[in-house]
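Subject: A structure to look through

Dear colleague,

I am passing on a structure that I would like you to open and turn around on your screen before you read further. My notes come after it, so that you can check each point against the model yourself.

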Amino acid sequence: PASRPSSARKAILPPRTPRTENRDEEATTGEGLQPSPFFMKVKCKISPRLIMSMASLYIDAVRVFMEFVDNSIDAADIDNNMTAELTGEDPCANHKYRIDVRISGGWYKSGHVEISDNCSGIKDLRKIVENIGNSEKKSQAWLNGQFGYGLYSFLAICSYLEITTKHKDNPYSEYVKISSDAFRVDDLNDLAFEIVRQPAHTPVSGTMVMLSGFAKEYWRNLDYMALKNEIGKHFELLLKNDALEINVTGFDDIKRKCMPFNYDAYDGVVFDKTVPIDVKSEGKSGKPHKKEIQVYLKYMPKISLDRQPVVISKNRRVTELWPIKAFKSNHRRDIWNHPSITGYIDTKDLLSPTIARNDFKNDKNFKLICKAVLQLEDEILATFKSATESEVERDFSEIESGFNSKLEGILESESN
């Protein structure tokens, strides 16, 4: 049955004419009656061409490759609780997760990129392929994939995506090949892909993704060393543990291991503080509870790394802090965009990155974290200022000592 019209709908419906006293005559002639409103549901149709347009959010090939590396890490997290292993919370964990990125081929038409792993594999490839924008990972706070679109990011840089996967609980493997041409239709119902399922030849789980048919400009600008360095930056917290290994093999067929940034390799002053954040649970009756973020910064007075502090969410780097316009700072240049200050703000699972993963949703948690960081700025500056003053004093002492030593040598030679 149709629901009663709201006040807004009543305003646009024709008014009912008052009934006359002669109802029998009205019923016979129909005079004096207005037709009853008719309600119908309208379905929204989304063109597959919109999916191709969304791919333009990915402005470089490296960002696309990172999506698939991210998927591999999420695959390990879903069933094997890799997060506990990598953070040291599970001392009994001894599984070694390997993710390999291989770039092959000299010409853009024959070149391809493979991302393979030995993680848990994809449980149901059909769900992954058909649920565009409706990721099952969004209900699991520790996983990074939330939008259900990263799989189709390949549309930004190449024409073909192939996936071969074997889940650890399935006795079979699955394969699908997706072409960008399939999205050149107007009706989403016309978009379909064929998945091949066959008995597995090995009990080993894992997934292999192959990207091919690259656009000429993306293939020409593909830099495997930049990809290796970007992976090291993006997953620096996870790569600190030996449970995860990510390698990149370039055109020269040399495998290079991605390494996290080594803060201990540089002399400087560290500001490291855990900050409690009062957050509310979801729902109207959600009670406030405390969560923590970590602010880790290092100031190196004599070195200009130009590696500004970044914001980390769910163990992944999202973006540098200083360009975020919603972040209000009194010392944006002195701290967050200083060439000699590096580090990160680990926000755990409190923030929600945008679909392009270069910013955050400006929600309550984001505002709480921004406020907490803002309140730390004076303490951070005071810590680094005292270190700078002591460094200057030490430099003058060294200069004075060197001057005195040379002067003594001159006087001694003249006396002789």
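What follows is a walk through the sheet, the cores, a cavity and a few single residues.

Please keep in mind from the start that this is a predicted model.

**The sheet of eight strands**

A good place to begin is the open sheet, in which eight strands follow the order E5-E4-E3-E6-E2-E1-E7-E8 with mixed pairing. Strand E5 (195-199) and strand E8 (255-257) are its edge strands, each of them pairing on one side only, and from one strand to the next the twist averages 15 degrees. Strands of a sheet pair through backbone hydrogen bonds, and they do so either parallel or antiparallel. An antiparallel case here is strand E1 (residues 97-104) with strand E2 (residues 112-117), which are joined by six bridges; Asp100, for example, has Ser116 in E2 as its bridge partner. Helix H8 (residues 224-234) lies across E1, strand E7 (244-249) and E8, and the helix runs at about 165 degrees to E7.

Ser179 belongs to another strand of this sheet, E4 (residues 172-179). Is Ser179 buried or exposed? With a relative accessible area of 18%, Ser179 is buried, because the cut-off for buried is under 20%. Leaving aside neighbours within four places in sequence, Ser179 is in contact with Ser159 and Tyr160, while the C-alpha atoms of Ser179 and Leu155, which are 24 residues apart in sequence, are 8.7 Å apart in space.

**Two nonpolar cores**

The largest nonpolar core has 53 residues, and those with the most contacts inside this core are Tyr152, Leu211 and Ile246. Helix H4 (residues 61-80) gives the most to it, namely 10 residues. If you select Tyr152 and ignore residues up to four places away in sequence, you will find that Tyr152 touches Ile51, Ala55, Val129, Ile132, Ile178, Phe183 and Phe193. There is also a second, separate core of 28 residues, which includes Val318, Trp336, Ile369 and Phe384.

**Strand E11 and its partners**

Strand E11 (residues 310-313) is worth following residue by residue: Val310 and Ile312 point one way, Val311 and Ser313 point the other way, and all of them are buried. E11 runs antiparallel to strand E12 (residues 316-320), to which four bridges join it, and parallel to strand E13 (residues 341-346), to which three bridges join it. Val311 shows both pairings, since this residue stands opposite Thr319 in E12 and has Ile345 as its bridge partner in E13.

**The largest cavity**

Rolling a probe the size of a water molecule over the atoms shows where empty space is left. Counting cavities of 30 Å³ or more gives two, and the largest has a volume of about 70 Å³. Which residues line the largest cavity? Its lining is made up of Val311, Leu321, Ile324, Phe327, Ile345, Thr347, Leu351, Phe366, Ile369, Cys370 and Val373, so you meet the bridge partners Val311 and Ile345 again here. Helix H11 (residues 364-415) provides the largest share of that lining, with four residues.

**Three residues in loops**

Most residues other than glycine have a negative phi. Against that background, Lys314 has a positive phi of about 55 degrees although it is not a glycine. Lys314 lies in the loop between E11 and E12, a hairpin with two residues between the strands, and it is buried, with a relative accessible area of 9%. Lys348 likewise has a positive phi of about 55 degrees without being a glycine, but its place is the loop between E13 and H11, and Lys348 is partly exposed, with a relative accessible area of 36%.

Tyr266 lies in the loop between E8 and strand E9 (269-280) and is partly exposed, at a relative accessible area of 26%. Apart from neighbours within four places in sequence, Tyr266 is in contact with Phe261, Lys298, Met300, Ile303 and Leu305. Of these, Lys298 is 32 residues away from Tyr266 along the chain, yet their C-alpha atoms are separated by 9.1 Å.

With best wishes

Notes. Residues are numbered from 1 along each chain as its sequence is written. This is a predicted model: local features need pLDDT of at least 70, side-chain atom pairs count only at pLDDT 80 or more; totals for chains, interfaces and linings use all residues. Side-chain values use heavy atoms; hydrogens and water are left out. Buried means under 20% relative accessible area, exposed over 50%, partly exposed in between (1.4 Å probe, protein chains only). Two strands pair if DSSP finds at least two bridges between them. Axes are lines fitted to C-alpha atoms, for helices over the stretch in contact, and angles run from 0 to 180 degrees between N-to-C directions. Contact means heavy atoms within 4.5 Å. A nonpolar core is a set of buried Ala, Val, Leu, Ile, Met, Phe, Trp, Tyr and Cys residues joined through side-chain atoms within 4.5 Å. On a 1 Å grid over the protein atoms alone, a cavity is a set of points where a 1.4 Å probe fits but cannot get out, and a pocket is an open set with protein on both sides within 12 Å along at least five of seven lines; lining residues have an atom within 4 Å of a point. Grid points are joined across faces, edges and corners, and a volume is the space filled by probe spheres set on the points.
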